[in-house]
Every structure is written in structure tokens, then in C-alpha cells.
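Work through the following exercises with the model open beside you, and try each task before reading its solution.

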Amino acid sequence: MLNDINIRNLGVIAEATAEFADGLTVVTGETGAGKTMVVTSLRLLSGHRADASRVRAGADRASVEGIFTTSSHSVEALVDEIGGFADDGEVIASRTVSANGRSRAHLAGKSVAAAVLGTFASHVITIHGQNDQLRLLDPVRQLRALDSYAGTGQEVASYKKKRTEFLDAERDLKRRLEARRELALEAETLQRAVETINGIDPQPDEDVELKANITRMQDADDVRGALESALKAIDGSGSDFTEVGEQESAQDLLGRAAQELNQDDPQLRELSERVGDLSSQLSDIAVEIGQAMMDIPDPDSLEVMLQRQQDLRELRKFAVDVNGAIEWRDKAQERLSQIDVSGEAIDELTERVDTLRAEMMKIGESLTKQRSKAASKFEKAVTKEIRGLHMNAAIEVALTSGEPNAEGLDEVEFQLVQGGQRNPLAGSASGGELSRVMLALEVILAGKGRTMVFDEVDAGVGGKAAVEIGRRLAQLAVDNQVIVVTHLPQVAAFADAHLYVAKATTDSSVSSSVDVLNDEQRVLELSRMLAGLESDTGRAHAEELLEMATKAKAELR
């Protein structure tokens, strides 16, 4: 329940504190006194949009603080989540609004976003104003009211979960079908590119090695001539020698020198051996030169190499060199392995979509049966309540089933039957009738342990209907805390606590205060509300009204 609320600089209220009773609390006052500021403050504590125009003229900011007592496990979990503190289930919520429009919210001692206040309020308080009555005209809200009466919350949640799975799978299938052609084109392009590269069959660093070989091939004649000349100089062989002995080679000269030094003298013998070593080294060099001559490519293979080089240049469309082309091919092959353009994957997903739709439809059809079964009882219950509110009409529920939607397979329209004519509630009900229909719904759908706020729920109502509205608000207050802003004495008479918003006007300002009325003050306020002035007749009527309301509440409890 809401224990009390403190309001500062909100509208015409400079500062006020209001305490609320467990049962029915009414808020009354003269027009313009600021009664609706009490509801506005509660809306701020419920996370609604902050309006800077509500800040009292001349003030820097407006603030509202409310103290709630609740045993809700959801609230306890929320307080733990934000790291807040609650003492014996008592939670403090506050909101400030600056004149420049900035807003700050606090819950259980922690600074929070306004949306967190909204989550908190959803567990403890429900506010009904004229805009809320208009929302009753929304077909979705009408359907939810029927579901609340039918107790189909679990089935609706199951349907919505299955519908989400179905829609996700359906979107996936649609994307796959739309992308299938693009994927097939991508796969074909990649496959052709891979085949082109594989056809060329490049080897790592082949382009570098081929370039070097071509360069050598182009210089082969010069290289061969140099090698032959060197070989001739070493051992006298080579194509330039036509007659043996025409010119002595280095090998011959070293051999002769070794022989000349091969004497009995130790020093000369050592020199002879060293010359012999040089001769052996020259023999090894000659062998290597001969091998180098054999390694020189055949001039006829130059054309083959040039053609291979041209083939490798084809790979430049994929990368700047052979190694890059090989890397590109490997990645392309990996991508190809990931692209599934076969019909099997589509068929599997199509089957899943069909299965999920069938499961969704099954839940939806079960939900339709439950709604249809509950609709007639719902009609009777609402009709009974509105007639008890002196509204000579009936409510009927037009339930039509069709394609799946967010709430099931059904669409609902509340119809108002009056004088033998049946019309949609949205197009035929007056403001007063909407107020009574909404109150009737609250009576038959009400749970327990909530704070329910009604702002001008009795608008456009008077006489006996006003008495019945008061009676039903008192009935709601048996298991809930009910706060009502009203201008009707018939409603105010049913209060367990009566708050009066008083307005004080000076030449320079207008301010209001909120006071709790005692029994004597209640009689005076009801007299004012009845007759517009204090008189013995008005007082007598007020006392009579209070006595009637007291007896009626005793019967309810």
C-alpha cells in the first residue's frame, strides 16, 4: 500500500504531505485547488513522462516522494537487483523534475532510470484516469480484459513464445530463399575461380624462381662462354681447343711446378706438396664448372618458361603474386564449404516452419475455445455490474477468429447494447458510460493487495449511479487500497479516509495544501459538495449520506 506522499512545488501545491488509509481514501476540493496534482505525483512515481510545465511558477524544481509497503517478491527482487534497501517491506520512491525538464528518479535509496520506477509501480499501483478510460476502447486491451477474466495468462504466454519461434524461423526461411540465388551465384563464381587457379596449379614462390631462371636463360650464351673459357684455362678442355698441347693449362703448369719442386730438400718438398694441393683444388673447381655448364637450361626451354610466366600472370586478378593467389584459393574453398545451396537445408527449414505453425495454431485454437467459453460469463458479469451502476445497457463480446496475431487467433470487440441496438463500445459510449464500464471491469477483475488510483472515475455520473460507484469503490477497497479523486459527495461518503485539497489565494500567488479531515470536517465538506454552501439542510443531508455509506460498507465487510 501507499503509506504517504510528500509533494513540493508541483502545480499549485507548494508543499503538502498526504497520508493514505488501508481501504478507500477520497481526495476532494474546490475546482482548481489541485486535486489532480495528487494523481500527477503518483504518475511521476510510476515512471511516467516528466513535464516541466508542472513545476510551480518561480521554483527551480518539483519533487515527489512516496513511501510504499509491500510484500511482493518481485519488488524484493528488483530492490536487490539495484542494490537498494527496504526496511520491513517499506520502499521509498522519489522523483524530481527541474524547470528545464530534466528528471531524476530514486528507488530504495538508489538513483535509477524512470523506467525502473515504472517496473516497480507495475507491481504495486494501478492508475485510472480519463486517458485510461479511452484506452479501454483499444481492441487489444479488450481482449486482455477477457483473458484476465478467463485466466488464460499461461496459455497466452505459451502462444506468444511459440509465435516468436515461428516468426523467427519464417524470417530465416524467407532470407534463405531470397539469398539462395545470390548464394548460388557466389558459389558458381568462387568455383570457377578455384578451378582457374587449380588449372594453373601454382607452387609457392614459383613466380620468383621462374623469373630468375628466365633471366639466366636470357643470359645463357654469355654464361656458357665464360664457363668454357674458365674450364679451358684450368684444364685445357673445352670447345675452343682444336689441338692438344696448343696451350698449356693451369693444371699442366701446376703439375710441372710440383715436379720441379719435388727435391730432396725438405723446404722444396713442402712447397711441392702445397702446389699439389692447389692442383687438387683446381680439379674440384673444374668439376663444379662442368656441373654449372650442365645446369644451364636448354635454350629451347625458354619459350616454355615464358609461357608459364604468362599463365601465372593470370593469377593477378586474384592477388598480386602467386603466394597471394594460393591463399585466396584456400579461403575461397573454405567459403564454398560453408555455402549450402542444396535443397536439403531449405527443405529442413520449411518443415520446421510448418511444424512451428501447426504447434502455434494448436495453442491458438485451444486459447480460442477458452475465450469463447469465458465470453458469455464475462458478458453477464460486466452487464450485471453496469446495471448496478444504473446504466440501462448490456455488454456483449464479439469474438472473431482468423489469422494469427500477437494475442492469438482472435479479435475482440466490446459492444454496447442499448434500446435494442448493438454498437461498438468505441463508437457509442459516452464519457460517463466509459467510466462505469471501466469500474465494472475493475470490480470483476480485481485481485488483492494493490493500490488502485481513480481520477474522476465518476465524471458524467450523478444521483443513484454515483452512490453505486461509491459502493463498488468501497467493495474494491476490501482487498485493495483505493485512492479516488472525486467531486461527488455520494462517492466521498464511502471513504475510510478523506483528504481535502484547500486553495489559498493572495494577490501574488495561489497555493494549495492537503489536509486529512476528521469526522466533523467530513460532514462540512460533504455539505459543501452537496449544496455548495454550509447550511443545516446540507449538513443533514451529509450526515444522512454518511450513515447510508457506513451501513453499506458494513455489509461489504
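**Exercise 1.** Find how many aromatic pairs a search of the whole structure gives, and classify the one between Y149 and F378.

Solution. The search of the whole structure returns four aromatic pairs, where rings of Phe, Tyr and Trp (its six-membered ring) pair if their centres lie within 6.5 Å, and planes under 30 degrees apart count as stacked, over 60 as edge-to-face and the rest as tilted. For Y149 and F378 the ring centres are 5.3 Å apart and the planes stand at 65°, so this pair is edge-to-face. Because Y149 belongs to helix α5 (residues 139-150) and F378 to helix α13, the pair ties together parts that are 229 residues apart in sequence; helices (H or I, at least four residues) and strands (E, at least two) are DSSP runs, numbered from the N terminus.

The model is predicted, and local features need pLDDT of at least 70, side-chain atom pairs count only at pLDDT 80 or more, and totals for chains, interfaces and linings use all residues. Residues are numbered from 1 along each chain as its sequence is written, and side-chain values use heavy atoms, with hydrogens and water left out.

**Exercise 2.** Decide whether F378 is buried or exposed, and describe its pair with F414.

Solution. F378 has 0% relative accessibility and therefore counts as buried (buried means under 20% relative accessible area, exposed over 50%, partly exposed in between, with a 1.4 Å probe and protein chains only). F378 and F414 form a tilted pair, 5.5 Å centre to centre with 40° between the planes. Since F414 lies in strand β10 (residues 408-418) and F378 in helix α13, the pair ties together parts that are 36 residues apart in sequence. Y149, F378 and F414 form one aromatic cluster.
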